[in-house]
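Open the model in your viewer and keep the selection tool at hand. The stops below go from the whole assembly down to pairs of helices.

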Protein chains: 2
Amino acid sequence: MSEQVRIVEVGPRDGLQNEKTPVGVEERVAFIEALLAAGLHTVEIGAFVSPKAIPQMVGSDEVLRRFSSRTDGEFHVLVPNEKGYEAARAASAKVIAVFASASEGFSRANINCSVAESIERFKPVVARAKSDGIEVRGYVSCVLGCPYDGEIKPQAVIDVAKILWDLGCYEISLGDTIGVGTPMKARELLRAVAGHVPMASLAMHFHDTYGQALANLYAGMEEGARVIDSAAGGLGGCPYAPGATGNVATEDVVYMLEGMGIATGVDMAKLVEATNEISKLIGRPPLSRVAAALNARKRGR
Amino acid sequence: MSEQVRIVEVGPRDGLQNEKTPVGVEERVAFIEALLAAGLHTVEIGAFVSPKAIPQMVGSDEVLRRFSSRTDGEFHVLVPNEKGYEAARAASAKVIAVFASASEGFSRANINCSVAESIERFKPVVARAKSDGIEVRGYVSCVLGCPYDGEIKPQAVIDVAKILWDLGCYEISLGDTIGVGTPMKARELLRAVAGHVPMASLAMHFHDTYGQALANLYAGMEEGARVIDSAAGGLGGCPYAPGATGNVATEDVVYMLEGMGIATGVDMAKLVEATNEISKLIGRPPLSRVAAALNARKRGR
């Protein structure tokens, strides 16, 4: 397993969007800068969503404008509908992300429509993005379990992933939104989906709610997956278990990859510094075990 | 991977021994009872060590006396030398554990003698135990890295593991004492040691300091290892990084195994209850991510 792995840092979006304390535009820009300085390249930096529903993402247009012409990174923004798309395009987005759920229950609870309706909703977004030369990444949520529907069949994931792929998404990110997956199930899911979408175009977006994320990522890598979504400091939490862990921490992923001889280009000290800064702003210690251990060692000295 | 996995619960010893706040004998007995009630069977319950050096283990003779004649579990105690052996035997120990380090630097710092000297020290202990019909488990510490010597060669682990095995230990527990291991290294180590000690007699004792433990356990299981040491609530911390995570949490291990279709016989709710009780006594929340998530969900209700 010496090949390259691509990390998609989702802390500034999927992370901060799910933190109680909203972080201002300037602080988010500083956070993104710190992540780039630490060696991360692909960063999801905002979402063009309803400011009422998700105040944490207010000002995403301003954030995007600071980065959209930069060539030292790849900057993603989440876009749920055509209104969001207009705003993202106006802020010169080069890559947008759309999302669907593998679970009917989650789709209804989260965006108040069926999975099929949600697909109809982002179809024109993807079509316009393609004609505007904007790349589209597709998220599928609840791929290993749903807080409402419980177990999710791989076929449900395949169905949605295939639609996103056929519409023209360049990569499909498979989200274990509530972190209930375990290694063999993660591996089996990747194998199943890879029968319909090339493995190289599948990303693993695993939450660490039950501490399983790294084991699941390792299992997925054994199956051939090579793209990992993670959030600095394990930002994000879990809306379905407030106080629990969120996205798998970038630090913990980087530690594993480097230990496996896979170079990430990430400067761990700088990454932990970025995490510590944002942790101060949201008012809780980092959930990354690597960050906690390195901070503890520093205090011990 | 549908075979059985054996869990050795080390919370009451390796866990509590490394917690700042000592827990009294009655409270430790209650904790062990709670662990048994949760379905755990093999439990390391104390250590016959210097009360000055490790006050947390004072009263281990009393703890052991409560359990030594019980048939509803298997109870281990750590024994560093002949003096400790006398006391353990007097309290009717049926299984004792001895330990050596794969690292010279750790051996010197931890027990103030070379690895070879430490082996000479427990040789008579193992010999006497065998003639007394007491079973002996052997620990090897620092198998994936040392806080003093850095990287540890698999051959150094093999050398010590083989000595313990040849002396008559029924099982060798390979300890990633400072949690620096990563999956492929863990797997390679197990493969190397299994060339000299049967895989069925190797236990994985991995700390979660850098969040890698579950991934390492999964990798070790793929190599064929089937014995896992863990501590309820991730008790134990790391003396080399105060504030960091300790032993891999039994809850997180059980969650992974059950998710893989491997029945553990553990009642998760009862286990988390046991963890919550001991966590109150030592004055900090559980480090287990499963316990944290389940507690959070309970609060959220």
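Start with both chains of this predicted model. Turn chain B by 180°, with 0.0 Å of shift along the rotation axis, and chain B superposes on chain A with an RMSD of 0.0 Å. That is how a two-fold axis relates two copies. The two copies use the same surface: 97% of the contact residues of chain B recur in chain A.

To find the axis, select Ala215(B). Its C-alpha lies 1.9 Å from the rotation axis, the closest approach of any residue of chain B.

**The interface**

Now select the residues in contact across the two chains. You should get 38 from chain B and 37 from chain A. Together the chains bury about 3,100 Å² between them. Carbon and sulfur atoms account for 60% of that area.

Which residues of chain B lose the most area to chain A? Pick Tyr210(B), Tyr255(B) and Arg289(B). Together these three make up 26% of what the chain B side buries.

**Stop one: α2 and α11**

Stay in chain B and hide chain A. Select residues 25-37 for helix α2 and residues 268-282 for helix α11. The axes of this pair are 8 Å apart, at an angle of about 165°. An angle over 145° counts as roughly antiparallel, so α2(B) is roughly antiparallel to α11(B). Their crossing is left-handed.

Show side chains next. On α2(B), take Glu27(B), Phe31(B), Ala34(B), Leu35(B) and Ala37(B). They meet Lys270(B), Leu271(B), Ala274(B), Ile278(B) and Leu281(B) of α11(B). Color by class: this contact has 8 nonpolar residues, no polar ones and 2 charged.

**Stop two: α5 and α6**

Move to residues 104-111, helix α5 of chain B, and residues 115-132, helix α6 of chain B. Here the axes come within 8 Å and cross at roughly 55°. The two helices, α5(B) and α6(B), are therefore oblique to each other.

What does each helix bring to the contact? From α5(B) come Glu104(B), Ser107(B), Arg108(B) and Ile111(B). From α6(B) come Val115(B), Glu117(B), Ser118(B) and Arg121(B). Keep the class colors on: you will see 4 charged, 2 polar and 2 nonpolar residues in the contact of α5(B) with α6(B).

**Stop three: α7 and α8**

Finish with helix α7 of chain B, residues 154-167, and helix α8 of chain B, residues 183-193. Their axes are 9 Å apart, and the packing angle is about 45°. That makes α7(B) oblique to α8(B). Look along the pair for the handedness: α7(B) passes α8(B) in a right-handed crossing.

The contact uses Pro154(B), Val157(B), Ile158(B) and Ala161(B) on the α7(B) side. On the α8(B) side, select Leu189(B), Ala192(B) and Val193(B). Check the colors one last time. The contact of α7(B) with α8(B) has 7 nonpolar residues, with no polar and no charged residues.

How values were computed
Residues are numbered from 1 along each chain as its sequence is written. Chains are lettered from A and ligands numbered from 1 in the order in which they are written. This is a predicted model: local features need pLDDT of at least 70, side-chain atom pairs count only at pLDDT 80 or more; totals for chains, interfaces and linings use all residues. Side-chain values use heavy atoms; hydrogens and water are left out. Copies are superposed by least squares on the C-alpha atoms of residues with pLDDT of at least 70 in both. Contact means heavy atoms within 4.5 Å. Axes are lines fitted to C-alpha atoms, for helices over the stretch in contact, and angles run from 0 to 180 degrees between N-to-C directions. Helices (H or I, at least four residues) and strands (E, at least two) are DSSP runs, numbered from the N terminus. Angles under 35 degrees count as roughly parallel, over 145 as roughly antiparallel, 65 to 115 as roughly perpendicular and the rest as oblique. A crossing is left-handed if the near helix is turned anticlockwise from the far one by less than a right angle, and right-handed if clockwise. Ala, Val, Leu, Ile, Met, Phe, Trp, Tyr, Cys and Pro count as nonpolar, Asp, Glu, Lys and Arg as charged, and the others, Gly among them, as polar. Buried area is the accessible area (1.4 Å probe) that two parts lose on being put together, summed over both.
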